[in-house]
Amino acid sequence: MPFYDLKCEKCGNEFNIMAKMSEKTDKLIKCPNCGSNELSSVFKNINITKPKSSSSSDCPNVHKCGGCCHH
């Protein structure tokens, strides 16, 4: 099941919830603050993973930068 970042259109509460896609589509998810099902998606961080290469040009500081500094 995916996680959703949602914002309540009624009270403005933002929250994160794990739910089935059908629960979101069918408006079965309710705001934990006011109980409304009038919710909109909030886009926050995106997590991108890439396979680790075995080349000798790997960053020597991968433990600090996560491999995103392109050394």
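The structure holds one salt bridge, and in this predicted model that bridge joins Lys27 to Glu38, with the closest N and O atoms 3.5 Å apart. Lys27 and Glu38 both lie in the loop between α1 and β3, so the pair ties together parts that are 11 residues apart in sequence. The points below take up this pair, then the overall fold, the nonpolar core, the cysteines and a surface patch.

**Salt bridge and the loop around Lys27**

- Side chains of opposite charge can pair when their charged atoms come close.
- In the pair formed here, Lys27 counts as partly exposed because its relative accessible area is 40%, and Glu38 is likewise partly exposed because its relative accessible area is 39%.
- The loop that carries Lys27 runs between helix α1, which spans residues 21-25, and strand β3, which spans residues 39-41.
- The backbone at Lys27 also deserves attention, for this residue has a positive phi of about 55° although it is not a glycine.
- As background to that value, most residues other than glycine have a negative phi.

**Overall fold and surface**

- Two helices and three strands make up the secondary structure of the protein, and, read from the N terminus on, these elements follow the order β-β-α-β-α.
- Of the 71 residues in the protein, 15% are buried.
- The protein exposes about 5,900 Å², and carbon and sulfur atoms supply 53% of that area.
- Among contacts with a separation of 6 or more, 30% are accounted for by residues 24 or more positions apart.

**Nonpolar core**

- In soluble globular proteins, nonpolar side chains tend to be buried together.
- The largest nonpolar core in this model has seven residues in all, namely Tyr4, Leu6, Cys8, Phe15, Ala19, Ile29 and Cys31.
- Strand β1 gives the largest share of this core, contributing three residues.
- Tyr4, a member of the core, touches Phe15, Asn16, Ile17, Ala19, Lys20, Met21 and Lys24 when residues up to four places away in sequence are not counted.
- Two of these contact partners of Tyr4, Phe15 and Ala19, are themselves listed in the core.

**Cysteines**

- Why does Cys11 form no bond with the closest cysteine sulfur? The closest cysteine sulfur to that of Cys11 belongs to Cys31 and lies 3.7 Å away, which is too far for a bond because a disulfide needs the two sulfur atoms within 2.5 Å.
- Cys31 is accordingly in no disulfide, the nearest cysteine sulfur to its own being that of Cys11 at 3.7 Å, and the count of disulfides by this rule comes to zero.
- Are Cys11 and Cys31 buried or partly exposed? Cys11 is partly exposed because its relative accessible area is 34%, whereas Cys31, at 4% relative accessibility, counts as buried.
- Cys31 is also one of the residues of the largest nonpolar core.

**Nonpolar surface patch**

- Met1, Phe3 and Met18 make a nonpolar patch of about 370 Å² on the surface.
- Phe3, one of the residues in this patch, is found in strand β1, which covers residues 3-8.
- Phe3 counts as exposed because its relative accessibility is 57%, and the cut-off for that class is over 50%.
- Strand β1 therefore holds a residue of the surface patch, Phe3, and also gives three residues to the largest nonpolar core.

Note on methods. Residues are numbered from 1 along each chain as its sequence is written. This is a predicted model: local features need pLDDT of at least 70, side-chain atom pairs count only at pLDDT 80 or more; totals for chains, interfaces and linings use all residues. Side-chain values use heavy atoms; hydrogens and water are left out. Patches are made of residues with over 30% relative accessible area and no salt bridge: like charges are joined within 9 Å, nonpolar side chains (Val, Leu, Ile, Met, Phe, Trp, Tyr) within 5 Å. Accessible areas come from the Shrake-Rupley method with a 1.4 Å probe; for residues, only the protein chains shown count as cover. A salt bridge is a side-chain nitrogen of Lys or Arg within 4 Å of a carboxyl oxygen of Asp or Glu. Helices (H or I, at least four residues) and strands (E, at least two) are DSSP runs, numbered from the N terminus. Buried means under 20% relative accessible area, exposed over 50%, partly exposed in between (1.4 Å probe, protein chains only). A nonpolar core is a set of buried Ala, Val, Leu, Ile, Met, Phe, Trp, Tyr and Cys residues joined through side-chain atoms within 4.5 Å. Contact means heavy atoms within 4.5 Å.
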